[in-house]
Each structure stands twice: as C-alpha cells, then as structure tokens.
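I set out below what I looked up in this structure, entry by entry. The sequence and model come first, and my notes follow.

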Number of protein chains: 2
Amino acid sequence: MNLETSLSTEEAILAAARKVFESKGFDGARMQEISDRAGINRALLHYYFRTKEKMFERIFDEALERFMPLLSTWDQDLEESWELKLKRFIIKFITFLKTNSMLFLLREIIRKPELLASKTEKHRKKLNKFVLYFDRLKQERLIRSDVDSRYIYVIIHSLCSFPLMNGIVFSYSLRISSKEYDELMAGYPEIISDLLIQLLKYQKN
Amino acid sequence: MNLETSLSTEEAILAAARKVFESKGFDGARMQEISDRAGINRALLHYYFRTKEKMFERIFDEALERFMPLLSTWDQDLEESWELKLKRFIIKFITFLKTNSMLFLLREIIRKPELLASKTEKHRKKLNKFVLYFDRLKQERLIRSDVDSRYIYVIIHSLCSFPLMNGIVFSYSLRISSKEYDELMAGYPEIISDLLIQLLKYQKN
DNA sequence: TTTACTTTTAACAGAATTGTTAAAATACTA
DNA sequence: TAGTATTTTAACAATTCTGTTAAAAGTAAA
C-alpha cells in the first residue's frame with residue numbers, strides 16, 4: 001500500500017466531491033462529474049467510498065466539523081468582553097460562510113432532516129451555550145434585558161448567514177456584479193458588529 | 001372540453017407539483033411522486049405540461065409572481081411614514097416566507113443562475129426601488145445617513161428571510177419544537193420592526 | 001344512440017445513473 | 001527481477017426516471 005499516493009487520490013476525490021455536492025446538492029450531484037473533476041475513473045469513487053451516500057456523509061461530516069468550533073466562542077469565560085466575543089464570532093462565522101458550506105448544510109438538512117439529529121449528537125451540549133451566555137449577560141446587566149435571548153440568537157445568525165448564502169440574489173437586486181458585492185461585503189462584519197453592539201447595549205424606553 | 005374538470009385536474013397537478021418541488025427541489029422531485037399526490041396517472045403530467053422542466057417553470061414563475069408585489073412597498077409616496085412602510089413590508093414578507101417559496105426560489109436560482117435574469121426581466125425596475133427610497137430618506141434627514149443603503153437592504157432582507165428558511169435548524173439549536181419555534185416567531189416581526197426603527201432613527205456618534 | 005372530441009391510463013422505449021467485477025496497470029518487497 | 005499486494009480501468013448489470021403512444025374511458029352534441 002502506497003500511503004501517500006492513496007491519500008492524495010482520496011484527497012482529490014474529496015475535494016472534487018466537496019465542490020460538486022456543495023454547488024449541486026446531493027440530488028443534483030453526479031458521480032461522473034466528481035470523478036471527472038478528480039481526474040480519475042468513476043469506479044474508483046466506489047473503490048474508496050463504496051456508495052454516493054457514504055461519500056456524501058463524509059463531506060457533510062467534514063463541513064459540520066468545520067462549523068462546530070465556532071460555537072466555542074460562547075464558552076463562559078469572564079475575561080473577554082461580550083463585545084469582543086461578538087466581533088470574533090461574526091468574523092469567524094462570515095469567513096466560514098465564504099466556503100459555501102452553510103448553504104450546503106442547510107439544503108441537505110432540509111432534504112433529510114434526520115441528518116440534523118444524527119450528525120450533531122456529539123455536539124449537543126455546545127448548541128445552547130449561546131443562550132446561556134446571553135442570559136447571563138442580561139442577568140449581570142451588561143446588555144439590555146428586554147429582548148429574549150433566543151431572538152438575539154436568531155438575529156445574529158441571520159445577519160451573518162444570509163448575506164453570503166444569498167449573494168447571487170442580493171448582488172442582482174442591488175444591480176452590482178458579484179465582485180462588487182464581495183467588495184461591499186468586506187465592510188459588512190464591521191457594520192453589523194457595530195449595529196448589534198449598539199442595539200444590545202442600550203435599553204429602549 | 002370540460003373546462004371545470006380540466007381546470008381542477010390542472011390545479012391538482014400544480015398543487016402537488018408545488019409541494020414536491022418546494023420540498024425536494026427540481027433535482028430531488030420525481031414525476032411519480034407528483035402524480036401520486038395529485039391522484040392521477042403519471043402520463044397525465046406530460047399531457048398537461050409536456051415536460052418536467054416546463055412544469056417546474058410554471059411553479060417557479062408563480063412563486064416569483066407572489067413575491068414581486070412586495071417590492072411595491074417602496075414606491076415613493078410621501079404620505080406614509082417610513083416606519084409604517086417598514087412594518088408593513090416586514091409583515092407581508094414574513095407572511096410570504098411562511099409558504100416556503102423563498103427557499104425554493106433561492107435553491108433553484110443557485111442551481112440555475114440564468115433563472116434570475118430571465119424570470120425577473122419584467123420586474124427589473126422594481127428591484128432598485130428600495131435603495132432609491134432609502135437614499136431619499138437619508139437625503140431628507142429622516143434616518144441616519146452613515147450607513148450605506150445597500151447594507152440596510154441586506155440587513156432587512158436577511159432578518160426577514162433567514163429565520164423562516166432556517167426554521168428547522170434554529171428550532172433544533174434552541175432545543176424547542178417546531179411548534180414552539182412558530183409560537184416564538186409570532187412575536188418576531190414586532191421585535192425586528194422595533195429594532196430596525198431604533199437603529200435607523202438615531203445616528204451613532 | 002351515434003359520433004366526435006377530450007381526458008385518462010397502461011405499456012413501452014430510451015436515456016441516465018449508480019454500483020459491480022474481472023482484468024490490467026502500478027507499486028512494493030524480498 | 002520475480003512475486004505479491006494495491007490501485008485503476010473498461011465493460012457490464014440493474015435500476016430508476018422521463019417521456020411517448022396507442023388504446024380505453026369519459027363527455028358533449030347532433
């Protein structure tokens with residue numbers, strides 16, 4: 001067994017599969033297209049991964065593993081200010097989003113909702129750290145207390161996710177090119193950091 | 001020709017097709033599933049619509065036609081306050097979103113980006129009304145002028161769209177049932193209306 | 001009731017797609 | 001270099017899916 005060669009073939013396949021699954025989705029993806037991209041015979045896909053389904057799961061798992069560490073942002077340590085935490089999260093999140101993985105994850109979860117429960121089982125605990133953290137901030141009067149933390153969760157995630165997932169439509173609606181949209185979006189993390197901080201800081205009255 | 005019967009068969013097919021295309025996407029949709037749902041023979045689908053592609057286009061067009069009128073909100077009339085306009089838009093938008101059509105549209109546009117240009121051609125003018133309207137509000141000092149209107153566009157649409165498109169994931173992350181999530185979301189339009197108004201009104205300094 | 005037209009169905013054809021297998025090519029080891 | 005194990009390929013099998021067609025069933029009008 002030649003480990004290096006074997007690994008690089010497997011890597012080539014995975015890279016191709018990632019690309020194809022992310023852009024076409026499981027249903028639209030074709031084994032032929034993946035093997036073409038990887039520059040190998042189609043049967044090799046089955047040699048390495050047995051079935052399309054298993055190959056897909058590998059890609060899905062990897063995307064999830066890249067995403068989950070983001071949630072550690074909300075581990076409750078007291079030293080860092082919530083403003084900094086928030087900024088850090090937004091930057092990391094948006095960077096992740098640029099890889100297209102988010103739309104991929106969402107699309108496939110909608111296709112097959114079982115994926116959500118089965119694949120995130122081992123990250124179960126991480127999932128509600130955000131709400132716990134923000135509840136605590138409210139308790140300690142560091143942020144406004146009149147908005148349900150779950151709304152804050154939804155708002156932050158929406159502001160981070162959607163502008164990148166929906167880039168094609170937004171750039172078209174704003175009548176600018178994809179490139180111009182990307183340039184516009186370069187300033188976006190800062191804008192929403194500021195807006196969110198401003199929003200969370202002051203109580204409405 | 002029996003018009004009534006024919007119409008109701010066609011309607012049954014369209015309703016079934018809408019359901020299947022929206023949940024599975026074009027690639028995942030099966031003609032067999034659509035005909036089963038409509039309670040008719042599969043060949044009838046072709047009798048009425050010739051091909052899967054043509055049937056899909058009909059569904060896509062209809063979803064777009066339901067969506068486009070929302071944009072008229074931003075016609076520039078002076079009588080209504082921008083706060084009211086905004087509230088009206090958010091409510092209507094979120095109501096539309098509940099039909100699942102938004103995720104459907106986005107998914108299919110990503111699959112086949114040409115759809116965007118070809119299908120929205122006749123609505124081209126409506127698309128940039130938002131930015132024009134908000135630029136004018138800034139000009140007249142009715143809202144803060146230090147945020148690019150295109151960011152405001154992106155922010156508002158993200159806040160409206162994503163919480164409903166991503167409902168499955170959000171409810172899972174927040175550890176509540178779909179039903180509880182829906183109940184939570186009942187209060188959402190008001191929350192973001194207030195937040196956005198608060199945000200747009202006051203200049204940061 | 002007969003005739004003509006429309007709607008619906010069953011059966012079939014063709015294409016595309018996933019997965020298998022046996023043999024060829026390549027790499028490794030003694 | 002010979003032999004063995006691994007990697008790769010071409011050809012094939014099986015299934016699934018879209019689209020066609022000819023005939024059956026239903027409807028309306030003379």
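**Cysteines**

I began with B:C160, which is buried, with a relative accessible area of 0% (buried is under 20% relative accessible area, exposed over 50%, partly exposed in between, with a 1.4 Å probe and protein chains only). I found A:C160 likewise buried, at 0%. I then searched the whole structure for disulfides, that is, pairs of cysteine sulfur atoms within 2.5 Å, and the search gave zero over all chains. For the sulfur of B:C160, the closest cysteine sulfur is that of A:C160, 17 Å away, which is too far for a bond.

**Basis of the notes**

I note that the model is predicted, so local features need pLDDT of at least 70 and side-chain atom pairs count only at pLDDT 80 or more, whereas totals for chains, interfaces and linings use all residues. Residues are numbered from 1 along each chain as its sequence is written, chains are lettered from A and ligands numbered from 1 in the order in which they are written, and side-chain values use heavy atoms, with hydrogens and water left out.

**Relation of the chains**

I superposed the copies by least squares on the C-alpha atoms of residues with pLDDT of at least 70 in both. A turn of 180° and a shift of 0.0 Å along the axis lay chain A on chain B with an RMSD of 0.1 Å. The two copies are thus related as by a two-fold rotation axis. I also found that 100% of the interface residues of chain A are interface residues in chain B, so the copies meet through the same surface.

**Helices α5 and α6 of chain A**

I took helices (H or I, at least four residues) from DSSP runs, numbered from the N terminus. Helix α5(A), residues 82-97, has 16 residues and should span 22 Å at 1.5 Å a residue (1.5 Å times one less than the number of residues); its end C-alpha atoms are 22 Å apart, which agrees. Its buried residues include A:W82, A:F89, A:F93 and A:L97. Seen down the axis, the buried residues of α5(A) fall within an arc of 150° (from the directions of the C-beta atoms from the helix axis), so they line one face of the helix. Their cover includes α4, α6, α8, α9 and α12 of chain A. I recorded α6(A) as mostly covered, with 10 of its 11 residues buried; among them are A:M102, A:R107 and A:E108.

**Nonpolar core**

I defined a nonpolar core as buried Ala, Val, Leu, Ile, Met, Phe, Trp, Tyr and Cys residues joined through side-chain atoms within 4.5 Å. The largest has 150 residues, and A:F21, A:F134, B:F21 and B:F134 have the most contacts inside it. Leaving aside neighbours within four places in sequence, A:F134 is in contact (heavy atoms within 4.5 Å) with residues including A:W74, A:I152 and A:L200.

Notes
Helices (H or I, at least four residues) and strands (E, at least two) are DSSP runs, numbered from the N terminus.
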